[in-house]
Amino acid sequence: MAVATFQAGRWGDYEIKPTAPIEISPAAHVLHYASTCFEGFKAFRWKDGSIHVFRMDRHIARMRQSARQLVLPEPDPEQLAGMVRAVIGRCRDAVPEAPGALYLRPILFGTTANIGAAATPAVEASLLVLASPVWDYFAGGMKPLRILVDDQNTRSAAHLGMVKTGGNYAAAMGPTLAARAQYQVDQVLFCPGGEVQETGAANFFLIRDGEMLTRSLDTTFLHGVTRDSLLMLGRDIGFQVVEGVFDVARMLAWAETGEAALSGTAAVLAGVGTLIYDKKEYRVGSGEVGPLTQALRARLVAIQQGDSPDVHGWLQAV
Ligand SMILES: Cc1ncc(COP(=O)(O)O)c(C=O)c1O
């Protein structure tokens with residue numbers, strides 16, 4: 001892993017260390033006041049053996065935005081990019097072939113030792129970059145997802161939804177586990193006040209012939225890099241791409257004949273087969289993973305894996 005620390009108002013040089021337990025004060029800000037954020041993105045091994053990281057600049061920008069919202073020291077973008085490249089360099093041999101990838105996980109957390117700092121930001125912080133091989137997300141086949149539509153709970157405070165911080169995942173955990181137990185669903189689609197937002201770890205799309213609809217950017221949900229990439233690919237192939245606020249009723253009407261899918265780094269795009277709302281089950285389209293969902297996913301995967309030209313300049317050789 002790569003490790004850098006922020007002290008006395010500046011980031012020190014990073015070091016590469018074996019991935020191992022780290023020492024932290026029991027009074028560290030993060031352990032009490034959750035001053036932490038992270039990122040997740042992938043590097044891909046192409047058929048010629050070269051390794052390419054996907055939209056690292058966007059992930060670094062999002063991490064800096066998360067740090068700003070949490071009043072944590074912002075990582076220096078060049079330093080963080082250098083840390084990621086150094087980690088990939090150290091584990092080149094461990095980068096699996098497609099459809100596997102090397103998953104990169106930068107984390108930032110406040111280390112200032114002060115248990116009386118509920119309303120005082122951390123002035124010391126650590127930035128780590130971890131890496132781990134990941135294999136085929138759909139190894140067991142592409143199964144349509146069952147999703148509970150939840151208009152009662154929220155997965156984050158409205159101003160922190162766009163921040164990739166542990167607290168948001170903690171907020172989604174209870175409702176998601178309860179929904180799994182009660183309705184045997186894969187995920188919960190959070191729709192506070194009836195407005196469709198996102199699931200605990202992915203953005204939400206409605207798709208039908210020539211059209212894509214997803215929520216417009218605001219502070220309430222994570223601005224997925226995959227979401228952005230799929231919208232661009234949709235525009236490239238002439239889809240009418242609509243970003244806007246839509247409610248559960250509109251989603252259920254769309255689902256009668258259209259497709260629904262979840263987007264994120266892990267799966268790229270995963271089709272939804274069933275929505276459960278107000279104790280009733282609604283089949284999405286045929287109930288299977290839709291052809292447009294599969295086609296959009298295949299387009300993005302082909303670019304990531306070097307099988308289609310990277311016309312948007314999303315990949316960087318490492
Ligand atoms: C809450 C949440 N929404 C959306 C996403 C999708 O973001 P991205 O496409 O950048 O991976 C993620 C992460 O994968 C997430 O944790």
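## Helix H5

In helix H5, the buried residues are Val 225, Thr 226, Arg 227, Asp 228, Ser 229, Leu 230, Leu 231, Leu 233 and Gly 234. The model is a predicted one. Nine of the twelve residues in H5 are buried, so the helix is largely enclosed by the rest of the structure. H5 covers residues 225–236. Its first and last C-alpha atoms are 17 Å apart, close to the 16 Å expected at 1.5 Å a residue. Just after the helix comes Gly 238, with a positive phi of about 85 degrees.

Arg 227 is one of the residues of H5. How much of Arg 227 is accessible? Its relative accessible area is 2%. That is under the 20% cut-off, so Arg 227 counts as buried. Setting aside neighbours within four places in sequence, Arg 227 is in contact with residues on both sides of the helix in sequence: Asn 203, Phe 205, Thr 214, Arg 215, Ser 216, Leu 217 and Phe 221, then Glu 243 and Ser 263.

## The chain as a whole

The chain has 318 residues. It holds seven helices and 18 strands. For this number of residues, a compact globule would have a radius of gyration near 20 Å. The chain has 20 Å, so the value agrees with the globule rule. Along the principal axes, the C-alpha atoms fill a box of roughly 60 × 50 × 30 Å.

Buried residues make up 52% of the chain. Among contacts with a separation of 6 or more, 71% join residues 24 or more positions apart. The accessible surface comes to about 14,300 Å². Carbon and sulfur atoms account for 52% of that surface. The charge count is 29 positive and 32 negative side chains. The centres of these two sets lie 1 Å apart.

## Helix H2 and Val 71

Helix H2 runs over residues 56–69. Its 14 residues should span 20 Å at 1.5 Å a residue. The end C-alpha atoms are 20 Å apart, so the helix agrees with the expected span. Its buried residues are Met 56, His 59, Ile 60, Arg 62, Met 63, Gln 65, Ser 66 and Ala 67.

Val 71 follows just after H2 and takes a positive phi of about 55 degrees. It sits in the loop that leads from H2 to helix H3 (77–90). Which residues does Val 71 contact, leaving aside neighbours within four places in sequence? They are Pro 121 and Ala 122. Val 71 and Pro 121 are 50 residues apart in sequence, yet their C-alpha atoms are 6.0 Å apart.

## Backbone exceptions

Most residues other than glycine have a negative phi, and most peptide bonds are trans. The following sites depart from that pattern.

The bond between Ala 98 and Pro 99 is a cis peptide bond, with omega at about 5 degrees. Pro 99 is placed in the loop between H3 and strand E7 (101–110). Val 268 and Lys 279 are positive-phi sites: phi of Val 268 is near 70 degrees, and phi of Lys 279 is near 70 degrees too. Val 268 belongs to strand E16 (residues 268–277). Lys 279 is in the loop between E16 and strand E17 (280–283).

Are these two residues buried or exposed? Val 268 has a relative accessible area of 5% and is buried. Lys 279 reaches 70% relative accessibility, so it counts as exposed. The cut-offs behind these labels are under 20% for buried and over 50% for exposed.

## Ser 126 in strand E8

Ser 126 lies in strand E8, which covers residues 125–134. Its relative accessibility is 11%, so it counts as buried. What does Ser 126 touch, not counting residues up to four places away in sequence? Its partners include Ala 4, Thr 5 and Trp 11. The others are Ile 107, Leu 108, Phe 109 and Thr 111.

Ser 126 and Met 142 are 16 residues apart in sequence. In space, their C-alpha atoms are 38 Å apart.

Notes:
Residues numbered from 1 in each chain as written. Predicted model: local features only at pLDDT ≥ 70, side-chain atom pairs only at ≥ 80, totals over all residues. Heavy atoms only, no water. Helix = DSSP H or I, 4+ residues; strand = E, 2+ residues; numbered from the N terminus. Expected span 1.5 Å × (residues − 1). Buried < 20%, exposed > 50% of the residue type's maximum accessible area, 1.4 Å probe, protein only. Rg over C-alpha atoms; globule rule 2.2 N^0.38 Å. Contact = heavy atoms within 4.5 Å. Areas by Shrake-Rupley, 256 points an atom, 1.4 Å probe, with all protein chains shown as cover. Lys, Arg positive; Asp, Glu negative; His and termini not counted. Charge placed at Lys NZ, Arg CZ, Asp CG, Glu CD.
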